[in-house]
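Below is a short report on one protein chain. Please look over the sequence and the structure before reading on.

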Amino acid sequence: ARNVTDLSYFHVNYVKKNLKKNMANEIALAKKFFKAMGVYGAESYIHGFSGYGVECLIIYYKTFERMLNDFIKIKENERKVIDIAKHYKNKNNVFYEINESKLHSPLILVDPTWKERNVLASLSWETFQKLQEKARKFLRKPSEKYFYEFEIDENKLKNSAKKKKAEFLHVVLETDRQEGDIAGTKLKKFADFLTRELSRYFDVAEKEFSYEGEGKKAELYLVAKKRKEVLRVGPPLERKEDAKKFKAVNKNTFVKNGILHTREKLNFSAREFLEIFDKRKMNEMGIIGMNII
């Protein structure tokens, strides 16, 4: 096999050979649940579970419910190794044999057909924690509603913003890149970057990103609460000229560990922050439009 696509033949044969009793139904159940929760797909704008990954997980756990029960026990920044084919006598060896860049996912699923591959390498912590949250709710009170695709409830987000005395923002992003995985990845990457920039001044209480896999537009929903003030770090006192300039520009400076600081009160809203966002940075990241509804 020269690439992952070439392995599909082996993947199909492995799954067919190892499916037992009611596993096919459990796989269908898991895929339906994952898709409804928005965590199904290894594309870069989802960072979720691939179809083959789900199939291997059910072969390992046997049932959908048992899998969810184990998932919710995994703590943040903990990495669980699953080696179905028992390629490694000691699971710690996985961290030496598999490329380090492929070991950042919360679940390290050793490919039964190729021991040096992590099937869930694209799975991000953000996606996994999203699944954990929904899994806990489902296990507490199982319901059919968890198997229907999740739709962003704009009114619910608006009400949440009102209760929190925060701003609600609905942002439409547009790229000029090829629709599908490329466009989706660019849009998701910029949405995450925009959220990080906003969080320097605002507490982002809720965030939802939606790209349907087609077209060149995506939607970003944010609930952001303005902070009373922001701490800005200046130069160390030993850089006398820079320290003098910092003091000239900023009032009420103070020294902490030999470094100048100041507290800045915010006089702009989250909407205003987005409206004056650096257009050059957008162009650098392949974004040609940002419309705040």
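The report covers the overall make-up of the chain, its nonpolar cores, one helix pair and the salt bridges.

## Overall make-up

The structure is a predicted model. The chain has 293 residues, and 42% of them are buried. Its secondary structure amounts to 11 helices and 10 strands. Along the principal axes, the C-alpha atoms occupy a box of roughly 75 × 45 × 40 Å.

Among contacts with a separation of 6 or more, 65% join residues that are 24 or more positions apart.

## Nonpolar cores

The largest nonpolar core contains 37 residues. Within this core, the residues with the most contacts are Phe-33, Phe-34, Phe-49, Met-67 and Phe-71. Two or more residues each come from α1 (8-18), α2 (23-36), α3 (51-61), α4 (64-71), β2 (107-111) and α6 (125-140). Of these elements, α3 contributes the most, with 7 residues.

Met-67 can be followed further. When neighbours within four places in sequence are set aside, Met-67 is in contact with Ala-30, Phe-34, Leu-57, Ile-58 and Tyr-61. A second core, separate from the largest one, has 32 residues, including Leu-173, Phe-268, Met-282 and Ile-287.

## Packing of α1 and α3

A pair of packed helices is described by the distance between the two axes and by the angle between them. For α1 and α3, the axes come within 11 Å and cross at roughly 30°. Angles under 35 degrees count as roughly parallel, so α1 is roughly parallel to α3. The crossing of these two helices is left-handed.

On the α1 side, the contact is made by His-11, Tyr-14, Val-15 and Asn-18. On the α3 side, the residues are Tyr-52, Glu-55, Cys-56 and Ile-59.

## Salt bridges

Side chains of opposite charge can pair when their charged atoms come close. Over the whole structure, a search finds 19 salt bridges. One of these links Arg-200 to Glu-197, with the closest N and O atoms 2.9 Å apart. Arg-200 has a relative accessibility of 44%. The limits for partly exposed are 20% and 50%, so Arg-200 falls in that class.

Asp-278 and Arg-280 also meet through their side chains in a salt bridge, at 3.4 Å from N to O. Here Asp-278 is partly exposed at 34% relative accessible area, while Arg-280 is exposed at 63% relative accessibility. A further salt bridge joins the side chains of Glu-284 and Lys-281, at 3.6 Å from N to O. Both residues belong to helix α11 (residues 279-284), where they are 3 residues apart, about one turn of the helix. Glu-284 is exposed, with a relative accessible area of 60%, whereas Lys-281 is partly exposed, at 29%.

## A salt-bridge network

Which residues are linked in a network of salt bridges? The network consists of Glu-126, Lys-188, Asp-192 and Lys-207. Glu-126 lies within the residue range of α6 (125-140), an element that gives two or more residues to the largest nonpolar core.

Note on methods:
Residues are numbered from 1 along each chain as its sequence is written. This is a predicted model: local features need pLDDT of at least 70, side-chain atom pairs count only at pLDDT 80 or more; totals for chains, interfaces and linings use all residues. Side-chain values use heavy atoms; hydrogens and water are left out. A nonpolar core is a set of buried Ala, Val, Leu, Ile, Met, Phe, Trp, Tyr and Cys residues joined through side-chain atoms within 4.5 Å. Buried means under 20% relative accessible area, exposed over 50%, partly exposed in between (1.4 Å probe, protein chains only). Helices (H or I, at least four residues) and strands (E, at least two) are DSSP runs, numbered from the N terminus. Contact means heavy atoms within 4.5 Å. A salt bridge is a side-chain nitrogen of Lys or Arg within 4 Å of a carboxyl oxygen of Asp or Glu. Axes are lines fitted to C-alpha atoms, for helices over the stretch in contact, and angles run from 0 to 180 degrees between N-to-C directions. Angles under 35 degrees count as roughly parallel, over 145 as roughly antiparallel, 65 to 115 as roughly perpendicular and the rest as oblique. A crossing is left-handed if the near helix is turned anticlockwise from the far one by less than a right angle, and right-handed if clockwise.
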